[in-house]
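Me: Could you show me how to read disulfides and cores in a protein model?

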Amino acid sequence: QVQLAESGGGLVQTGGSLRLSCAASERTFSRLSVGWFRQSPGKERECVAASSSGGSIYYGESVKGRFTISRDNAKKTMYLQMNSLKFEDTAVYYCAADEESNWPDRIHYWGQGTQVTVSS
């Protein structure tokens, strides 16, 4: 069982930056593919960024060039650096982790979610 604990959400003005962190309990964190999803009211949950256990990186089209995913396997922590934030980035952000074979439709481990609000 992998437990994920998020931090770093909050209120920021348009054009500002935030960094989300997600600490994992799993000792074999380096073997997991990890990522960040978001969901806003009335919209489906979308994957904004992911980092596979093999080193591949994925970004959603709407965040390319603005968001950066990273991971520190020694600290069992993943990060999402969000720059040039837009009003439409407002959402609850969730971190997620699982074996690569379970991505993206059968992910078992999720953080509790952290609210990001971008004011115009």
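Reply: Sure, starting with the definition: a disulfide is a pair of cysteine sulfur atoms within 2.5 Å. This is a predicted model, where local features need pLDDT of at least 70 and side-chain atom pairs count only at pLDDT 80 or more, while totals for chains, interfaces and linings use all residues. Residues are numbered from 1 along each chain as its sequence is written, and side-chain values use heavy atoms, with hydrogens and water left out.

Me: How many disulfides does a search of the whole structure find?

Reply: One. Cys22 and Cys95 form a disulfide, with sulfur atoms 2.1 Å apart. The torsion about their S-S bond is about 55°, so this disulfide is right-handed.

Me: Which strands hold Cys22 and Cys95?

Reply: Strands (E) are DSSP runs of at least two residues, numbered from the N terminus. Cys22 is in strand E3 (residues 18-24) and Cys95 in strand E9 (residues 91-98), so the pair ties together parts 73 residues apart in sequence.

Me: Are Cys22 and Cys95 buried or exposed?

Reply: Buried means under 20% relative accessible area, exposed over 50%, and partly exposed in between (1.4 Å probe, protein chains only). Cys22 and Cys95 are both buried.

Me: Why does Cys47 have no bond to Cys95?

Reply: Because the sulfur of Cys47 is 12 Å from the closest cysteine sulfur, in Cys95, which is too far. Cys47 is buried too, at 18% relative accessible area.

Me: Which residues touch the most other members of the largest nonpolar core?

Reply: A nonpolar core is a set of buried Ala, Val, Leu, Ile, Met, Phe, Trp, Tyr and Cys residues joined through side-chain atoms within 4.5 Å. Among its 27 residues, those are Leu4, Trp36, Met78, Leu80, Met82 and Tyr93. Cys47 belongs to a second, separate core of six residues, which also includes Phe37, Ala50 and Ala96.

Technical notes. Helices (H or I, at least four residues) and strands (E, at least two) are DSSP runs, numbered from the N terminus.
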